[in-house]
Amino acid sequence: MNTLTQLTALLAVTQAKYDQQQQSFGKLVSEENRLRTELEQLDAAARRAQTEPNGESEMRAIGADIIWQGWVARSKTRLNHKLAQVLALKLHQLAQVKQAYGKVLVIKELRDQARSKSTTKRAQNALAQAINHTLF
């Protein structure tokens, strides 16, 4: 196996690893977006409940408003905790994606250099053969 073939094979493996890292990162971004949407919906529901005048006195009379506010606070805490975990993972995975991409770029450069060197060597050999044929 020559260097060019080895670099091409290595590039395929490195590219596959990079693609896997990107896919994993994409899942984290989707999860982050889902959690942010849930938080926004929860905030919107809490605002709507506060601005609706109908039924407010009945809810207060039975203590449902306190239960609702407690549930909203617990839900927001849970969602914010999950979001913080996702953001921490996202930061870590972003570093991994960048590193994997750097490896892909380096191997592509090495492969291109090997390809160029191989092409130059073939051209020099062809020139040497042409010179030898014309002399003899």
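Leaving aside neighbours within four places in sequence, which residues is arginine 111 in contact with? I will come to that shortly. Please keep in mind that this is a predicted model.

Let me start with helix H1, which covers residues 3-51. H1 has 49 residues, and at 1.5 Å a residue these should span 72 Å. The C-alpha atoms at the two ends are 71 Å apart, which agrees. At the N-terminal end of H1, asparagine 2 acts as a cap. One of its side-chain oxygens lies 3.3 Å from the backbone nitrogen of leucine 4.

Now to the question. Arginine 111 belongs to helix H3, residues 64-135. With those sequence neighbours set aside, arginine 111 is in contact with Leu4, Leu7, Thr8 and Leu11. Is arginine 111 buried or exposed? It counts as buried, because its relative accessibility is 16% and the cut-off for buried is under 20%.

Next, the nonpolar cores. The largest one has nine residues: Leu28, Leu35, Leu39, Leu42, Ala46, Val72, Leu79, Leu83 and Val86. H1 and H3 are the elements that give two or more residues to this core. H1 gives the most, with five. To pick out one member, valine 72 is in contact with Leu42 and Ala46, again leaving aside neighbours within four places in sequence.

Apart from that core lies another, made of seven residues. Among them are Leu11, Tyr18, Ala100 and Val104. You have met Leu11 already, as one of the contacts of arginine 111.

A general point to finish on. An α-helix has 3.6 residues a turn, so residues three or four places apart point the same way. That is all from me.

How values were computed. Residues numbered from 1 in each chain as written. Predicted model: local features only at pLDDT ≥ 70, side-chain atom pairs only at ≥ 80, totals over all residues. Heavy atoms only, no water. Helix = DSSP H or I, 4+ residues; strand = E, 2+ residues; numbered from the N terminus. Buried < 20%, exposed > 50% of the residue type's maximum accessible area, 1.4 Å probe, protein only. Contact = heavy atoms within 4.5 Å. Expected span 1.5 Å × (residues − 1). Polar contact = N/O pair within 3.5 Å; in protein donor to acceptor, adjacent residues only side chain to side chain. Core = buried A, V, L, I, M, F, W, Y, C linked by side-chain atoms within 4.5 Å.
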